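These are my notebook entries on a single chain. I set down what I looked up, one topic at a time.

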Amino acid sequence: MQEVRERAAPLVRFVQRHRDPVVVQALRSAAAATLAYVLALRLSPEALPLTAPLTALLVVQVTLYATLTNGIRRVNAVVAGVIVAIAFSLLVGLTWWSLGLLIVASLAVGHLVRVDEYVPEVAISAMLVLGVTTVGDTAWSRVVETLIGAFVGLGCNLLLPPPVWVEEAGESIEGLARRLRQLMLRIGDEAAGRTPYEQAAERLHEARRLDHDIVEVDAALRQAEDSLRLNPRVREGLLHRVVLRTGLDTLEICTVVLRVLARTFTDLAKQREPQPLFPAGTGEVVERLLSEMADAVVSFAVLVTTQVSQNADAAESRLTAELRQAAATRDKLAQLLLEQLQHDARQWQLHGAVLTEVDRIIDELDTEHRTQRLLEELDRNSREQRERRPWLHRLRQRLRGRFRPRRNRTTTARRSR
């Protein structure tokens, strides 16, 4: 019995991960390719219509939005390649020099029909069709198989909506915030003691390396944004996209400011070496301030990625309290630096830069600032949609104007009863 359990353990773990987007996508892709092959066996004259499952596998992308756009481009690429192959078969046939001309012509046609990343697919389709003897029959069979695969891929995403990658994007954003927090804590801990110039420079390099993390988080967020578009399981997809995108923008700004702050500490360490960055009491306040700001960064990320309103209210309250405490500590630090300036004014520019950079981070994390930014982004997206599709905006206005009086009459009738 124990041996059976050990053998079944991998399968059990796989079943337990059925909600994992990677597992869901793998199952959907396999099902779409299999169904496309079964249909192609009945509808295509080819004995092994592998173009259909290949097309379905490529068309079924991670998101419904990507599936629609990639499906159309892939069908256009294959059809364009077939047409080029038919033209070459009627004119010159297949030789070593015609093959080169075929590839050049196919790539040029791919750019003309704007199939983007599927430009090589035009040349591949043309070569596969031109490489057989019965060009006409094979060409139309390839077109039929491609259409079958594309429609099966689109149908699978309509009937079985693809996974929403918001949770993964939220985890990436929180991971970036926690890395920011760890770096802030290290910088604050070193600011309270004697920090060699080389050690401060190493923190500056760590802050610069955070740019790579931002690129990875941005890729995860783009995937999440695509998964929200045209997804029937998602309501208020625009709001979710704007919340996540503005949250990442804020963390990116905080990362840039933290890099500038690390550069300020590095310059300060170089000028004051071998003395500490700050006097004993001032260094402790700097450490406490960076610790409070680090906690606020994580609370901000939790607020951005929280979906339940009750949890969001708790996260917002916690963030507001942490920012209020950080602002009070900042004022205390400013007073200490002002007193120090009266005795030693040599590093007054760097001390002023520290306060300025702290103020920028606190201001970016402020809840009122974030609310204003959200409203501006929502207005901008709505305006762009109206300008891009004015006919859709007019249709919505007509529908609202048509159905609003009916609701009013119904409400009046109910009240009169």
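The entries below go from the whole chain to helix pairs and then to single residues.

**Entry 1: the chain as a whole**

I note at the outset that this is a predicted model. I looked up the secondary structure and found 15 helices and zero strands. I then checked burial: 43% of the 417 residues count as buried. For the accessible surface of the chain I recorded about 23,600 Å², with 57% of that area belonging to carbon and sulfur atoms. I also looked up how far apart in sequence the contacting residues lie. Of the contacts between residues at least 6 apart, 78% join residues at least 24 apart.

**Entry 2: H11 with H13**

I describe two packed helices by the angle between their axes and the distance between the axes. For helix H11 (residues 280-305) and helix H13 (residues 348-365), the angle is about 25° and the axes are 10 Å apart. H11 is therefore roughly parallel to H13, since an angle under 35 degrees counts as such. I entered the crossing of H11 and H13 as left-handed.

Which residues of H11 and H13 meet? On the H11 side I listed Leu289, Met293, Ala296, Val297 and Phe300, and on the H13 side Val358, Ile361 and Leu365. By class, the residues of this contact are eight nonpolar, no polar and no charged.

**Entry 3: H8 with H11**

H11 also appears in a pairing with H8, where the axes come within 8 Å and cross at roughly 175°. The two helices are therefore roughly antiparallel to each other, because the angle is over 145 degrees. I recorded 15 nonpolar, five polar and six charged residues in the contact of H8 with H11.

**Entry 4: Thr264**

I located Thr264 in helix H10, which spans residues 237-272. Is Thr264 buried or exposed? Its relative accessible area is 6%, so I entered Thr264 as buried, the cut-off being under 20%. Setting aside neighbours within four places in sequence, I found Thr264 in contact with Leu350, Ala353, Val354 and Glu357.

**Entry 5: Glu145**

I placed Glu145 in helix H7, residues 135-159. Its relative accessibility is 4%, and Glu145 therefore counts as buried. I next asked which residues Glu145 touches, not counting those up to four places away in sequence. The list reads Ser44, Glu46, Pro49, Leu50, Thr51 and Ala52.

**Entry 6: Leu160**

I found Leu160 in the loop between H7 and helix H8 (166-191). Its contacts, leaving aside neighbours within four places in sequence, are Arg28 and Gly155. I looked further at Leu160 and Arg28: they are 132 residues apart along the chain, and their C-alpha atoms are separated by 8.0 Å.

**Entry 7: Arg114**

I turned last to backbone angles. Most residues other than glycine have a negative phi. Arg114 is not a glycine, yet I read a positive phi of about 55° for it. Where does Arg114 lie? I found Arg114 in the loop between helix H5 (96-112) and helix H6 (119-130). At a relative accessible area of 69%, Arg114 is exposed, because that value is over 50%.

Technical notes
Residues numbered from 1 in each chain as written. Predicted model: local features only at pLDDT ≥ 70, side-chain atom pairs only at ≥ 80, totals over all residues. Heavy atoms only, no water. Helix = DSSP H or I, 4+ residues; strand = E, 2+ residues; numbered from the N terminus. Buried < 20%, exposed > 50% of the residue type's maximum accessible area, 1.4 Å probe, protein only. Contact = heavy atoms within 4.5 Å. Areas by Shrake-Rupley, 256 points an atom, 1.4 Å probe, with all protein chains shown as cover. Axes fitted to C-alpha atoms, helices over the stretch in contact; angles between N-to-C directions. Parallel < 35°, antiparallel > 145°, perpendicular 65-115°, else oblique. Left-handed = near helix turned anticlockwise from the far one by under 90°. Nonpolar A, V, L, I, M, F, W, Y, C, P; charged D, E, K, R; others polar.
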